[in-house]
Each structure stands twice: as structure tokens, then as C-alpha cells.
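Trainee: Please take me through the helix packing in this model. I would like a close look at one helix pair, with a second for context.

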Amino acid sequence: MNKQQLAAKIWESANQMRSKIEANEYKDYILGFIFYKYLSDKEIQFCKDNDFAEDDIKALSEDDVETVNYIKKNIGYFIKYDDLFSTWISKGKDFEVGNVRDALNAFSRLISKAHTKLFDGIFDTLQTGLSKLGESAPKQTKAISDLLHLIKDIPMDSKQGYDVLGFIYEYLIERFAANAGKKAGEFYTPHEVSVLLSEIVSNHLKDRKEIQIYDSCSGSGSLLINIGNSVAKHIDDKNNIKYYAQELKKNTYNLTRMNLVMRDILPNNIVTRNGDTLEDDWPYFDESDAVQTYSTLYVDAVVSNPPYSQKWDPANKESDPRYSRFGLAPKSKADFAFLLHDLFHIKPDGIMTIVLPHGVLFRGGEEGTIRKKLIEANHIDAIIGLPPSIFFGTGIPTVVLVLKQKRKNTDVLVIDASKGFKKEGKNNKLRASDIKRIVDVVRDRQTTPKFSKVVERDTIRGNEYNLNIPRYVDSSANPESWDIYASMFGGIPVKEIDELDNYWQAFPNLRETLFSKTSEVNSELKVEDVNAAIKEQASVKAFKNKFNNSFKDLDGFLKQELLTNMETVNVPREKEVLSNDIFKRLETITLIDKYEAYQLLDDEWEAIKIDLEIIQTEGFESTKIVDPNMVLKKKDGKEIEKQEGWKGRVMPFELVQETYLKRELQSLQKKENRLLEITSEFEEILEIFTEDEKEEEIINEVKDGFVNAVVIKESKQIRVDIKTNGTLEKDSYEAKVLKVDSLITEDKKVKKLVKEEQAKLHLQTKETIEKLSDEQVYNLLELKWVHPIVTSLNNLPKTIIDELTSKVLRLSEKYSATYSDVAKEINRAENSLSKLIDDLEGNEFDMKGLNELKVLLNSED
């Protein structure tokens with residue numbers, strides 16, 4: 001299974017296994033064991049790469065001091081054979097919780113001195129939490145054993161192994177965060193927000209050869225890693241990226257270290273610290289040699305998502321160099337304290353991004369003073385308002401602030417991105433197109449109506465340094481207005497037609513084709529079929545032709561990039577290559593939003609990316625591999641893994657059937673459709689039974705679903721009656737029952753055939769994939785990768801035309817009923833109701849009330 005499927009499987013099982021343990025706690029256990037497996041597998045791989053035989057690995061022991069020191073020197077730690085993850089698995093029923101306790105104790109003793117800061121205490125959270133996995137040692141053993149077997153198939157060698165491992169680790173952290181409520185904020189920044197910050201930072205740093213990045217509130221380390229991934233796309237050697245991370249909570253600090261180590265980052269490029277960011281700034285020295293190593297930490301980029309509006313102690317910090325220039329944040333809200341800390345640590349040409357509650361933009365007091373000084377010192381580069389409910393556990397509005405030490409321009413870019421998102425459960429998520437739109441606007445410093453504005457410093461001064469986004473960008477939809485003249489006399493107001501000016505500019509003479517003026521202020525629609533009139537208009541046809549010419553060779557370009565180069569293409573960079581090409585094709589095409597096109601590409605990209613990773617790792621032949629389709633089934637109250645057929649590692653069964661097994665597929669679909677028809681016919685018969693017939697036992701039986709025996713018995717008797725008394729009338733009760741009987745017989749027969757053909761087609765598909773020629777593989781990959789992108793993009797002009805059609809029809813319908821028409825209709829309704837009242841009867845008081853209602857209905861006022 002691919003990494004998404006494996007991650008989902010592990011999460012589903014882990015979420016059930018945790019039982020009553022809080023998600024926030026359980027994550028530390030499963031992620032801790034995943035990390036231990038990584039360390040174990042890495043040691044085994046190191047030994048194999050250095051000519052250790054299997055017997056040599058089995059002989060690994062603390063008693064062999066020379067080997068212990070050799071391994072420690074090279075990978076930073078030593079794990080004896082008995083304590084290796086694979087050894088735990090091989091123990092089977094002999095495994096016990098004591099094996100884990102002994103192994104973790106030994107690990108803490110066997111860390112090399114050079115790697116002490118990286119590994120010391122990294123398993124403390126796991127070690128102290130083992131007792132929470134069960135009330136007794138046997139129960140703890142059982143819980144741990146289940147966990148070990150759950151994660152044992154995660155690959156941890158080669159580049160693909162690291163990618164899969166990293167993906168699963170991130171996937172689990174996100175899932176645990178989604179289930180951890182408010183505690184999620186302690187360790188997780190949503191992936192989409194991380195990507196947004198990462199892309200902004202990487203654009204700023206893309207021309208540098210060596211880069212240092214720092215997260216002052218690192219949580220699980222996900223944000224820092226995403227920054228590294230984005231920066232790595234623009235740098236020749238990813239080993240030239242150095243990571244600094246600081247985290248207050250010990251268990252979360254351990255997650256940071258694990259996450260960084262498992263990404264195959266060089267140990268010397270990982271510098272982490274467990275400490276209070278505000279109380280105890282990043283040390284200016286190595287604790288082991290304070291005098292000789294004194295050096296302030298300045299980095300190329302700082303990113304952070306600190307706890308919002310947290311209390312802190314500003315006492316005696318006036319002289320702290322982080323705060324001395326700008327002042328101290330109020331003790332009730334540390335937001336600006338975190339911001340100033342991050343700003344202090346960036347180089348003169350560096351950049352920082354920080355996520356904070358939107359109150360930092362407009363709150364007064366000490367915060368207002370700090371904000372004013374930051375603006376006058378020209379540090380605030382951009383403000384980005386995020387959608388609500390984008391973070392797990394909180395719905396408060398948040399903003400991203402981008403700051404720099406040195407800037408040539410003195411304006412501030414203000415972006416209201418609060419409207420661009422998709423709903424996912426209780427939370428909102430930024431789409432790929434939303435992120436791309438924001439990043440491009442930040443890069444190009446664009447002013448875009450309803451979205452962004454470059455604001456001069458004098459304007460901000462005029463607003464008394466209040467940076468509240470609605471003061472500068474109004475992203476609200478225009479309120480609907482009603483024209484008084486058109487409301488009274490009908491027609492379409494000219495000024496409302498004018499509001500569609502972007503269409504009239506793009507399609508010359510189309511307005512005149514659709515509308516004719518009836519007065520200076522009013523028009524009327526002069527075509528009956530609006531959509532046809534628009535599509536047939538000359539400038540619209542020219543628009544479609546221009547688009548088609550621009551995109552006519554897109555499929556050829558995609559085939560070259562994705563098919564011809566599939567084994568060598570740079571997967572992390574390829575999406576940008578494709579999107580740049582699409583953007584270039586759209587440069588001269590009006591009306592079409594290039595970010596909508598980008599989203600269409602992204603909708604398909606993840607599946608393409610997975611396939612490319614498999615092919616580049618396992619070779620072209622992986623496209624012809626079929627794997628068992630493993631699913632979780634309940635048996636005796638327990639979840640067990642069971643095979644349900646097969647699935648292609650790369651090739652979807654449905655695509656192969658539609659392409660190379662079309663005749664067999666159509667035969668099966670015909671029978672499946674007949675089953676639907678039988679169900680529909682059966683329901684129709686039930687609907688036409690009379691009320692008296694519905695009182696019969698047979699109908700009650702049918703409606704309750706216990707139909708077969710009763711109907712068959714009844715129908716035999718009816719057949720006897722037919723032989724005795726002649727034919728039945730079509731709509732008779734007996735004829736209906738006979739029809740039900742025949743449908744049931746046919747239903748059984750067709751279901752049997754469907755089941756047989758499904759099984760046969762499934763095996764035929766498996767054999768077809770395994771025997772595919774290279775040419776057939778290329779054809780299928782073109783259908784899977786290229787055609788969906790081309791089809792969805794080619795549909796964009798139709799979308800524009802349909803949108804315009806909808807807007808024109810809306811205008812024509814808006815004033816189709818005048819006020820006079822509405823008034824007459826109300827009057828007719830009142831008269832009708834008044835007449836109905838005359839036929840009503842009641843007691844004395846009822847009649848008085850009805851008479852009063854009649855008076856009101858007949859009133860002229």
C-alpha cells in the first residue's frame with residue numbers, strides 16, 4: 001500500500017487501541033515507538049553497509065566495547081541486539097514490557113558525547129508513560145505488542161523510506177491534533193498554514209547557498225520541517241540548511257527532536273533546546289564552555305506559532321536586548337514579546353513570520369506603543385488575515401505577520417485571506433490555490449480589489465497605527481441593491497448591467513446582442529435562449545478559440561514532463577514547473593482566474609506525485625504489480641486484517657477495466673443496472689396497491705422485507721386460479737402479486753450472475769495489469785495523469801460562459817414581477833382568504849376574531 005493508505009491504516013487502528021487514553025497522551029507513545037524503530041533500523045542498516053554479517057549483528061552487545069564505540073561514533077548511539085525493534089518483534093509471546101524499560105534505560109547510557117544534546121532524555125515521555133498503557137504488566141505488554149506490530153511495516157531505509165516515515169509521522173500528529181481539542185495548539189500548526197509560511201520564507205531565501213532557520217516555539221517540529229522542505233527546493237545541497245528549535249514543554253520538545261532526526265537531517269545541522277523562550281533566551285554560548293563560545297544567535301529566518309495571548313512576567317526585562325528598543329508587552333498578553341524575540345534573532349537581510357491573534361493589529365496600551373515603533377522602524381512587511389477556525393481547538397481570528405530587519409520600501413502589504421478556504425469537518429482549511437494566491441501577492445506586493453492593498457506609512461499614521469485589516473481591505477461582498485424604477489415598471493436597470501463590465505470588456509458587442517435599451521436607465525433582454533446567444537456571439541467564439549489555441553499542445557507538454565521523464569523528473573519541483581506553464585498559457589486570456597486553474601492542477605497532483613514516487617523508487621515494473629487489498633474486519637469483537645481481493649500498486653482496477661476490459665465491464669454493468677430497475681419496478685408495484693390491498697398480510701410482509709416465501713406461496717395459488725378462471729386483469733391484486741413473484745425470481749438470478757461476473761472480472765483485471773506491455777502502461781498513465789488535468793482545464797471557458805449566463809438570467813428574473821404585480825397578487829390572496837372566512841364556524845369569540853381579521857384583510861391601508 002502507498003504511504004497514504006499505510007498512514008490511514010495505522011491511524012485507524014491506533015485510534016481504536018488508545019481506548020480511554022487521551023489523544024494528546026497516546027501520540028507520545030506511538031510516535032515514540034516509531035522513533036525507536038527508526039533508530040533500530042538505522043543501526044542495522046549502518047552495520048550492513050559496513051560489512052557486518054547477520055551473525056555479527058546478532059552478537060551486538062555492550063560487552064564488545066570496541067564495536068559499541070565504533071557505532072556510537074558514527075551514528076551517535078548504540079543499541080544491543082536484544083534491544084533492537086526487530087528483536088522485540090521476533091520474540092513473539094516471549095516479549096514483555098520489561099524489554100522496553102531495559103532498552104530505553106540502556107539507550108540513555110549509550111549515547112555518544114557529541115550527540116548528548118540531540119538524544120539525551122528523548123524517550124523520557126515514553127518511558128514514564130508505559131504504565132498508563134495498562135493496569136498490570138501483562139496488559140501493558142499486550143498494549144505495547146499491539147503497537148509494535150501496528151508500525152512494524154513502516155519502511156525506514158532509503159530516500160523513499162524517509163519520505164514515507166516522515167509522511168506517516170506528520171499524518172499521525174495531525175490526526176492526534178484533530179482529536180486533542182484545545183491541547184492541539186501546544187504541538188501542532190496545521191499543515192496548510194505551515195506551507196503558507198514556508199513558501200513566503202523560501203521565496204525570500206531562494207538565492208542563498210547556506211541557510212539557518214529557527215522556530216522559537218517548535219511544538220512537534222512540523223513547521224520547521226516544512227520551512228526546510230520549501231527552502232530545499234531552491235538550494236543545491238539540503239545539508240546546507242541548519243535547524244534551530246526551542247520548546248518549553250518536555251514531551252513536545254521530544255517530538256521536535258524525533259521529527260527532525262527522522263528526516264535524515266545531519267545531526268550537526270540540528271540544534272535544539274528545551275527552555276522558556278521568553279524567560280530564558282537562546283543561550284549565547286555552549287553550556288560546556290561559556291567563555292570561549294559566546295555568540296548571539298542570528299539566523300536567516302525565524303518562524304513561530306506561539307501560544308496566543310499567554311500571560312508572562314515582564315519584570316526586570318527592560319534591559320533585555322530583545323525588548324529594549326520597542327518596549328515590553330503587557331503581562332496579560334505575551335504576543336508582542338514572542339514577536340520581538342523572533343525579530344531580534346534574524347539577520348539584517350533575514351525574514352520572520354509569526355502567527356498571532358488578530359488583536360495585535362489594533363489593541364492599545366503597551367501593544368499600541370510597540371506597534372507604532374515597529375511601523376516607524378520599518379519592520380512590518382506584510383499582514384495576512386487568515387480564515388476563522390483554521391486551527392484545531394480554537395476559532396479565534398488569526399493573522400500572519402511578516403517582518404524584516406532591513407527594508408527599502410516603507411509601505412505595508414495588507415491581505416485579507418479570510419474568505420478563501422474549504423470546510424472540512426468543524427475546521428476550515430486553506431486550499432492550495434489560496435496559499436498560492438497569498439504567496440504570489442506577498443512576492444509581487446500586489447494591490448488586488450477585495451483581497452490586498454499596499455498601504456503607505458502615512459496612511460497608517462493617519463489611522464493612528466491601527467492595522468486592523470478592514471480599515472484597508474474591504475473583502476465583503478457588495479450588498480444587493482434594488483432599483484426603484486425597475487421595481488415599479490419592470491425591465492433591467494442599466495447600472496446593474498454595467499456591474500458586469502468585466503464581461504463586456506472581454507466580449508465586445510455581446511452586451512448589445514443580449515440587451516436593448518428601453519429608456520436612459522432601463523433595458524430589456526432581447527433574446528430567448530441566453531446561453532445559446534452568448535455561445536454563438538462572435539467575441540465569445542473568439543475567446544474560446546484563443547483559449548483552445550493556447551492550450552492545444554498542453555497534453556503533449558504534460559506527456560513529455562510526466563511520462564517521458566517519469567523516472568528522472570524532480571518530483572518536489574515539478575508541480576511548480578507545470579503551474580508556471582499553465583500560468584504562461586493564461587497570460588493573455590481574460591476572465592479566467594489562474595488560481596482556479598492552479599487548483600485544478602493541485603486536485604490531480606497528489607495522486608500523480610504518489611505514483612511518481614513509487615515508480616522512481618521501485619522502478620517502471622512497479623506499474624505492473626498487483627497487491628493484496630487488506631482491510632480491517634471485526635471478528636469476536638476484535639479488529640483483524642483480512643484480504644479482500646487485489647488492487648494495483650499504481651494502476652486502478654476501474655481504469656484498466658474501462659480501457660482493456662470494456663466488453664466484460666459493460667456486460668457486468670448491464671446486469672447491475674437491471675438490478676436497479678428491478679428494485680424500481682418493485683417499489684412502483686407497492687405504490688399502486690390499493691388501501692384495501694395494503695391491509696392484506698402479503699403487503700405487510702413485503703413492506704417489512706420478508707417477502708419471498710409468502711409471495712411464492714400466494715403466487716402458486718394464483719396460478720391455479722388463472723388456469724381455472726381464465727386470464728387476470730392487468731391491475732388486479734393477483735396480477736400484482738404475480739409480478740412481484742417474477743421480479744423476485746429474476747432478482748435472485750441476476751444477483752448470482754453479477755457476483756460471478758464481478759469475481760471473474762476482478763481476476764481478469766489482476767492478470768491484465770500483470771501482463772501489461774510498456775506501451776499499455778504509458779497509455780494508462782496518460783489516461784490517469786494527463787487526461788484529467790487537460791479535461792478540467794479545457795472546461796474553464798464553459799465555466800465562464802455558464803457563470804455569465806446565470807448572472808444575466810438572474811438580472812432578467814429580478815424585476816420580472818413588479819411591485820404592482822406583487823400588490824395585485826397579495827390582494828387576490830386576501831380576497832380569497834376573506835371568502836374562506838365566511839364559511840368558517842365557531843363560538844362567539846372565534847367569530848369576533850375572524851370578523852376582525854376580515855376587516856384587516858379588506859382594509860385599504
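Mentor: What follows covers confidence, then two helix contacts.
The model is predicted, so local features need pLDDT of at least 70, side-chain atom pairs count only at pLDDT 80 or more, and totals for chains, interfaces and linings use all residues. Residues are numbered from 1 along each chain as its sequence is written, and side-chain values use heavy atoms, without hydrogens and water.
The mean pLDDT (the predictor's confidence in each residue, from 0 to 100) of the protein chain is 89. Of its residues, 92% reach 70 or more. Residues 697-713 have pLDDT below 50. Beyond near neighbours in sequence, that stretch has 27 contacts (heavy atoms within 4.5 Å) in the model.
Now the pair. Helices are DSSP runs (H or I, at least four residues), numbered from the N terminus. Axes are lines fitted to C-alpha atoms over the stretch in contact, with angles from 0 to 180 degrees between N-to-C directions. The axes of α27 (residues 653-660) and α32 (residues 733-770) come within 10 Å and cross at roughly 85 degrees. That makes the two helices roughly perpendicular (65 to 115 degrees). From α27, F653, V656, Q657 and Y660 take part. They meet L761, H762, T765, K766, T768 and I769 of α32. By class, this contact has 5 nonpolar, 4 polar and 1 charged residues (nonpolar: Ala, Val, Leu, Ile, Met, Phe, Trp, Tyr, Cys and Pro; charged: Asp, Glu, Lys and Arg; polar: the others, Gly among them).
For context, take α11 (residues 191-205) and α16 (residues 432-444). Their axes come within 10 Å and cross at roughly 25 degrees. The pair is therefore roughly parallel (under 35 degrees).

Note on methods:
Parallel < 35°, antiparallel > 145°, perpendicular 65-115°, else oblique.
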